[in-house]
Amino acid sequence: TFKAGETVKFVVTNTGALRHELTIGDASEQAAHGKEMAKMSDMGHSEGEHEMPANSIHVEPGQTRELIWKFEKPGKLLFACNYPGHSALGMEGAITVQ
């Protein structure tokens with residue numbers, strides 16, 4: 001839970017062997033980004049091979065990345081890894097902005 005107007009730095013460390021991402025957005029933004037991710041081959045997800053939206057970062061195995069996000073207005077958002085199948089395995093959660 002965050003307050004409207006609050007800026008948060010998310011620090012994500014990937015200790016696994018697969019690429020992951022962190023995307024923040026509402027349900028429709030997550031669904032649209034998930035569809036885009038599903039269309040690409042695994043190689044197409046590499047940093048620099050497609051333009052990532054401002055609300056998303058890729059995190060390679062062994063890498064630590066930061067996403068700084070300002071929560072502009074109250075509402076419900078989600079965070080997720082939209083690599084195919086990852087959010088279904090629990091790599092997602094809810095954000096409430098008050």
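The expected span of a helix is 1.5 Å times one less than its number of residues. That rule can be tried out on the structure shown here, which is a predicted model. Helix H1 covers residues 27–39, so its 13 residues should span 18 Å. Its end C-alpha atoms sit 19 Å apart, which agrees with the expected span.

Now for the overall layout. The protein has 1 helix and 6 strands, and from the N terminus on these elements run β-β-α-β-β-β-β. Of the 98 residues in the protein, 37% are buried. The accessible surface comes to about 5900 Å², and carbon and sulfur atoms account for 56% of that surface. Among the contacts with a separation of 6 or more, 67% are between residues 24 or more positions apart.

Back to helix H1, to see which way its residues point. Gln30, His33, Gly34 and Met37 are the buried residues in H1. Seen down the axis of H1, these buried residues fall within an arc of 105°, so they line one face of the helix. A general feature of helices fits in here: an α-helix has 3.6 residues a turn, so residues three or four places apart point the same way. The face of H1 turned away from the buried side carries the exposed residues Ser28, Lys35 and Lys39. As for what lies over the buried residues of H1, the cover includes strand S2 (20–25), strand S3 (56–59) and S5.

Two of those covering strands, S2 and S3, also pair with each other. They run antiparallel and are joined by 4 bridges. One residue pair to look for is Thr23 with its bridge partner in S3, Ser56. In a regular strand the side chains alternate between the two faces of the sheet. Strand S3 is covered on both faces. Ser56 and His58 are buried on one side of S3, while Ile57 and Val59 are buried on the other.

Val59 also comes up when strand S1 is considered. Val12 lies in S1, which takes in residues 7–13. Although Val12 and Val59 are 47 residues apart in sequence, their C-alpha atoms are 7.4 Å apart in space. Leaving out residues up to four places away in sequence, Val12 touches Leu22, Ile57, Val59, Gln63, Thr64 and Arg65. Even with those contacts, Val12 has a relative accessible area of 24%, so it counts as partly exposed; the cut-off for buried is under 20%.

A second link across the sequence involves strand S4 (residues 64–70), where Lys70 lies. The C-alpha atoms of Lys70 and Thr7 are separated by 4.1 Å, with their positions 63 residues apart along the chain. Thr7 is also one of the residues that Lys70 touches, together with Gly5 and Glu6, when residues up to four places away in sequence are not counted. Lys70 counts as partly exposed because its relative accessibility is 40%.

The aromatic rings tell a similar story about distant parts of the chain. The structure holds 3 aromatic pairs. In one of them, Phe2 and Phe10 meet edge-to-face, at 6.1 Å centre to centre and with 80° between the planes. Phe2, at 17% relative accessibility, counts as buried, and Phe10 counts as buried at 18%. Phe2 also pairs with Phe71: the ring centres are 4.8 Å apart and the planes lie at 5°, so this pair is stacked. The pair of Phe2 and Phe71 links distant parts of the chain, with Phe2 in the segment before S1 and Phe71 in the loop between S4 and S5, 69 residues apart. Like Phe2, Phe71 is buried. Taken together, ring pairs link Phe2, Phe10 and Phe71 into a cluster.

Finally, one loop residue is worth a look. His86 sits in the loop between strand S5 (75–80) and strand S6 (92–97). Is this loop residue, at 12% relative accessibility, buried or exposed? With that value, His86 counts as buried, since buried means under 20% relative accessible area. Setting aside its neighbours within four places in sequence, His86 is in contact with Arg19, His20, Cys81 and Met91.

Notes:
Residues are numbered from 1 along each chain as its sequence is written. This is a predicted model: local features need pLDDT of at least 70, side-chain atom pairs count only at pLDDT 80 or more; totals for chains, interfaces and linings use all residues. Side-chain values use heavy atoms; hydrogens and water are left out. Helices (H or I, at least four residues) and strands (E, at least two) are DSSP runs, numbered from the N terminus. Buried means under 20% relative accessible area, exposed over 50%, partly exposed in between (1.4 Å probe, protein chains only). Contact means heavy atoms within 4.5 Å. Accessible areas come from the Shrake-Rupley method with a 1.4 Å probe; for residues, only the protein chains shown count as cover. The arc is that of the directions from the helix axis to the C-beta atoms. Two strands pair if DSSP finds at least two bridges between them. Rings of Phe, Tyr and Trp (its six-membered ring) pair if their centres lie within 6.5 Å; planes under 30 degrees apart count as stacked, over 60 as edge-to-face and the rest as tilted.
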